[in-house]
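Student: I should like to go through this structure and ask, for each term applied to it, on what grounds the term is used.

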Amino acid sequence: MNYISTRGNAPALGLSAALAAGLAADGGLYVPRSLPKFSPSDFDDCHDLPRIAERLLEPFFAGDELGAELPTICRRAFTFDAPLRALATPQDHVLELFHGPTAAFKDFGARFLAACMQRLPGDTGKPLTIVVATSGDTGAAVGAAFAGLPGFKVAILYPDGRVSPRQAHQLGCFGGNVRAFRLAGAFDDCQRMAKQALGDAGLRAIAPLSSANSISLGRLLPQMAYYADSALRHFRATGAALNFVVPTGNLGNAVACVLARACGLPIGRIALATNANRVLPDFFAGADYAAQPSVATIANAMDVGAPSNFERLTWLYPDSAALRREFVAASIDDDTIRATIRERRARYAEVFCPHTATAVHLLEILRTTGAAKAGEDWAVVSTAHPAKFDSIVEPLIGAQVPVPPSLAALLARPAHADPLANDYGALREILLA
């Protein structure tokens, strides 16, 4: 399997080289030259997440030096479950992706990427710096995955004041080879500067760099696995495809679902829920795609005005009309997110983080309007534990949210983040140091 750039002006690379590069030389994102095709029966002997991930990803690792390590990588990365649970409303489910060490779905991809990167040969004798822009959860997951690993450093860039207090604490609690930087700007500024660094050939000649954002194949590919796992379990029980509502900002998690479906997994329709950042809903409503300045919301991990993975989506669907027909996208504002959290707790004793609540509300819309048809099963993708957003959720529900042990352990550690000017030159100096 070779990987090509979404922009078509960079050499095709094998998996290991594409993982090491992070971003293609022409500024595009790496995608597989072709997609394998499966049927559900291909997974009949696979009964847990690591084994399903191994079977699903074998073709993507074919011919690469990491191929022989794939079973070990999957077992090392997927040490926690992604349970599919029934919601109180009929035929509605929630896919809980927050049972990892930092209580967010990013743990799956970050741990898989770290396990891969550990096994790539180094050729400079210098540590490899993982540069990661985060709108809240990615940075902590990457920090946890790479903390203490010999030969690696991590630079986490996050928008100062635009993540929850507990998210900020997580980002700065690792120390050692992991540093956090509070950028004076929005997530889009963090993402822009990270991409500048990865595209800076002069810098990379001196200080080896790679990415752990969803632009990295090492994040994207493993995220397909929990969609495959939940869809297969549902298919085995019901004989029907499972439809998903994915809360999304940078589109990485959603594209993973789309890729799993394109590979033949029993996944039905896919709906995209965003917050007040309307780039995607506006496009799917018929407007030209146009990046916009991001808007700060209580669902901060989705505060993205220029979703990187839109390039991968248009690679899969080069015809804009076909792309618009394929997906539903909706923007949910803060007041509606608050009302959803409050009402689902009062009516059904269900507690969601703000991001999950955007997807829950979109599913309610789909059910009310009949767009989600009678007889269809849908799953809301729950991307983070509500305890990470206690300052938002607890006043709405009038109760404390129990903190999972893994999150409590991180919150008990001291935390520190350095200020960073919204200037690429400042970041470059740090990475050269």
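Tutor: Please keep in mind that this is a predicted model. We may begin with Asp303, which touches Phe187, Asn275, Asn277, Ser294, Val295, Ala296 and Thr297, not counting residues up to four places away in sequence. Asp303 is placed in the loop between α11 (279–284) and α12 (310–316).

Student: Why is Asp303 said to have no salt bridge?

Tutor: The nearest side chain of opposite charge, Arg162, is 5.8 Å away. A salt bridge requires a side-chain nitrogen of Lys or Arg within 4 Å of a carboxyl oxygen of Asp or Glu, so Asp303 and Arg162 do not qualify. Asp303 is nevertheless buried.

Student: What makes the pair of Asp303 and Thr297 a polar contact?

Tutor: The two side chains approach to 2.7 Å. The limit for N or O atoms is within 3.5 Å, so the pair of Asp303 and Thr297 meets the distance condition.

Student: How do you know that Asp137 and Lys388 form a salt bridge?

Tutor: Their side chains meet at 2.7 Å, N to O. The cut-off is within 4 Å, and therefore the term applies to Asp137 and Lys388. This pair links distant parts of the chain, 251 residues apart: Asp137 is in the loop between β5 (128–133) and α5 (138–146), and Lys388 is in the loop between β12 (378–382) and α16 (390–397).

Student: Why are Asp137 and Lys388 called buried?

Tutor: Buried means under 20% relative accessible area. Asp137 has 3% and Lys388 has 0%, so both fall under the cut-off.

Student: What makes Asp200 and Arg428 a salt bridge, and is each partner buried or partly exposed?

Tutor: The closest N and O atoms of Asp200 and Arg428 are 2.7 Å apart, so the pair satisfies the limit of within 4 Å. The partners are 228 residues apart, with Asp200 in the loop between α7 (187–198) and α8 (201–206) and Arg428 in helix α18 (residues 424–432). Asp200, at 13%, is buried. Arg428, at 26%, counts as partly exposed, because that class lies between the 20% and 50% cut-offs.

Student: How do Asp229 and Arg233 come to be described as about one turn of the helix apart?

Tutor: Both lie in helix α9, 4 residues apart. An α-helix has 3.6 residues a turn, so residues three or four places apart point the same way. The side chains of Asp229 and Arg233 meet in a salt bridge of 2.9 Å, N to O. Asp229 is buried, with a relative accessible area of 6%, whereas Arg233 is partly exposed at 34%. In total the structure holds 21 salt bridges, and Asp45, Arg55 and Glu58 are linked in a network of them.

Student: Why is α5 called largely enclosed?

Tutor: 8 of the 9 residues of α5 are buried, so the rest of the structure largely encloses this helix. The buried residues of α5 include Thr138, Val142 and Phe146. They pack against α4 (106–118), β5, β6 (152–159), α6 (165–171), β7 (178–183) and α9. Just after α5, Gly148 takes a positive phi of about 80°.

Student: What makes β5 largely enclosed, and with which strand is β5 paired?

Tutor: 6 of the 6 residues of β5 are buried, so the strand is largely enclosed by the rest of the structure. Leu128, Ile130 and Val132 point one way and Thr129, Val131 and Ala133 the other. β5 runs parallel to β6, joined by 6 bridges; pairing needs at least two, so the term is justified. Ala133 has Leu157 in β6 as its bridge partner.

Student: How do you know that β12 is paired with strand β9?

Tutor: Strand β9 (residues 242–247) and β12 share 3 bridges in the parallel sense, so the requirement of at least two is met. Phe244 stands opposite Ala379 in β12. Strand β4 (residues 92–96) also runs parallel to β12, with 5 bridges, and Leu95 stands opposite Val381. β12 is mostly covered, 5 of its 5 residues being buried.

Student: Which residues touch the most other members of the largest nonpolar core?

Tutor: They are Phe61, Phe112, Phe146, Tyr227 and Phe244, in a core of 97 residues. Helix α9 (residues 217–238) gives the most to this core, with 10 residues.

Note on methods:
Residues numbered from 1 in each chain as written. Predicted model: local features only at pLDDT ≥ 70, side-chain atom pairs only at ≥ 80, totals over all residues. Heavy atoms only, no water. Buried < 20%, exposed > 50% of the residue type's maximum accessible area, 1.4 Å probe, protein only. Lys, Arg positive; Asp, Glu negative; His and termini not counted. Polar contact = N/O pair within 3.5 Å; in protein donor to acceptor, adjacent residues only side chain to side chain. Contact = heavy atoms within 4.5 Å. Core = buried A, V, L, I, M, F, W, Y, C linked by side-chain atoms within 4.5 Å.
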